[in-house]
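Welcome, and please open the structure in your viewer. We will go from stop to stop, selecting a few residues each time and looking at what surrounds them.

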Amino acid sequence: MSYEYVIIGAGIAGCSSTYFLSKHSNSVLLIDKNEDIADGASGAAGAFLSPLLGKPNKFKDLVTDSLNFSTNLYKEQFSDNISNCGVLRIPKDEIDEQKFQSYKDSMDFTYEKKHNGYFFEIGSVVSSKELCKALANDVEKRLNYKVETLDFKDDTWVLNDDIKAKNIIWCTGADVSLIKEEYLGIRPVWGQRIDVETKSEFSHNYHKECSVSRSFASFKEGINIVSIGATHHRNVLEKEISEDDTKELLKKAADIVELDGCNVIKHYGGARSSSKDYFPMVGELIDSSKTLNEFPYMRNGTHVNESRFSMYPNLFVLNGVGGRGFVLSPYLANELVKHIVEHKKLSEDITTNRLFKRWVKR
């Protein structure tokens, strides 16, 4: 079986990539080691869409552009999977309140003072698993398929001596076992979230030390479902669902809203993938061994033009989206596909070149 594009990883990054690639090619395959779409961190995500607050900086600009793009995409193409209900951002303490005041001149979205916080209309929550499935609806899939070997032969990538691909898009999140490049430095952050039944009803999302979703009516009369998330365990790839984490989330949620008759009905867990500098990784991958064999003096700080780096042929990455996967991924996937198909230049802030150059200097 041969394809023009094979996307490895069926989380929000991989599903977003398939969505935009399918507009340019009828030969797209999405594969994943799990039995279903978004069975990892993406399916475990609370999938809250919220603005990044702070003073002007490049990462904040990226999040703002992504939030506008992704929210519009979801509302226009996947309206059944998004609730654009707004979010009430509540300062944690007096210091946090002072920070918010200092950010006012740098706000990218309209807001209003409301109760004990600040309400942003742009805030949303999406149904993570259903949205990923909708994004990947029109492409061929092979699930429960683990890639053990990835070889490049005769201008073609071969997976497990089985699947052939002209181009590979690598979207495996925190699992970086397939491509061993030390400079990437993926940092897993394990997160747990919970769904609870409650008699309480909320019309919008909340965020303080955790996020609480708007309420959704359940099949039980007078009972609603609310999502609460998520915990953060840095540099943890695998972890069991923990009662301590559940208690932590319930305690933080209780500091935000009153959950009348609260009953935990479901737990979710998964490891988000973050880079060392929090920016995502998009575009070609540098072959560090070949590059350093050709330019060993780079280790001493000698400058080499990036155009001379050795790249893995037709191997692309979209990774390191962290806890903002449902905000960043559609925007980045669109940029990546334009780069592949139309040769549009990617921002230097998101390519892997930045990570490689820092790694070489160490």
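Start by selecting T351, which lies in the loop between α8 and α9 (353-361). Keep in mind as you look around that this is a predicted model. Is T351 buried or exposed? With a relative accessible area of 14%, T351 falls under the 20% cut-off and so counts as buried. Show its surroundings next: leaving aside neighbours within four places in sequence, T351 is in contact with V282 and L346. For a sense of scale, add K33 to the selection; K33 and T351 are 318 residues apart along the chain, and their C-alpha atoms are separated by 26 Å.

Now move to helix α5, residues 128-135. Colour S128, L131, C132 and L135, the buried residues of this helix. They sit on the same side of α5, because they cover an arc of only 100° around the axis. The general pattern helps here: an α-helix has 3.6 residues a turn, so residues three or four places apart point the same way. What covers the buried residues of α5? Among the covering elements are α1 (12-21), α3 (58-77), β13 (187-198) and α8 (325-342).

Stay in this area and select F326. Leaving aside neighbours within four places in sequence, F326 is in contact with residues including S128, L131 and C132, which you have just coloured, as well as I12, Y74 and V126. F326 also belongs to the largest nonpolar core, a group of 56 residues. Along with F326, the residues with the most contacts inside this core are Y74, F120 and L332. The largest share of the core, 9 residues, comes from α8. A second, separate core has 31 residues, including I163, I186, L285 and V360.

From I186, step across to S273 in strand β19 (residues 263-274), since the two are in contact. S273 is buried, with a relative accessible area of 7%. Display its side chain together with that of N319, and you will find a polar contact of 2.9 Å between them. Other contacts of S273 include G173, A174, R187 and G320.

The next stop is for the aromatic rings, which form 16 pairs in this model. Select F202 and Y206: their rings are edge-to-face, 5.7 Å centre to centre with 80° between the planes. Both residues are buried. Then pick Y19, F20, F69, F78 and Y331, which ring pairs link into a cluster.

Some rings have a charged group over them. Select K114 and F119 to see the charged end of the lysine over the ring, 4.3 Å from its centre. Another place to look is R214, which lies over the face of F216, at 4.3 Å from the ring centre.

Finish with some details of the backbone. Which residue has a positive phi of about 55° although it is not a glycine? Select N144, found in the loop between β9 (140-142) and β10 (150-153). N144 counts as exposed, at 54% relative accessibility. D155 has a positive phi too, of about 65°, and is not a glycine. Look for D155 in the loop between β10 and β11 (156-159), where it counts as exposed at 52% relative accessibility.

For the last selection, take G229 and A230: the peptide bond from G229 to A230 is cis, with omega near -5°. A230 has its place in the loop between β17 (224-229) and β18 (233-234).

Notes
Residues numbered from 1 in each chain as written. Predicted model: local features only at pLDDT ≥ 70, side-chain atom pairs only at ≥ 80, totals over all residues. Heavy atoms only, no water. Buried < 20%, exposed > 50% of the residue type's maximum accessible area, 1.4 Å probe, protein only. Helix = DSSP H or I, 4+ residues; strand = E, 2+ residues; numbered from the N terminus. Arc of directions from axis to C-beta. Contact = heavy atoms within 4.5 Å. Core = buried A, V, L, I, M, F, W, Y, C linked by side-chain atoms within 4.5 Å. Phe/Tyr/Trp six-rings, centres within 6.5 Å; stacked < 30°, edge-to-face > 60°. Lys NZ or Arg CZ within 6 Å of the ring centre and 35° of its normal. Polar contact = N/O pair within 3.5 Å; in protein donor to acceptor, adjacent residues only side chain to side chain.
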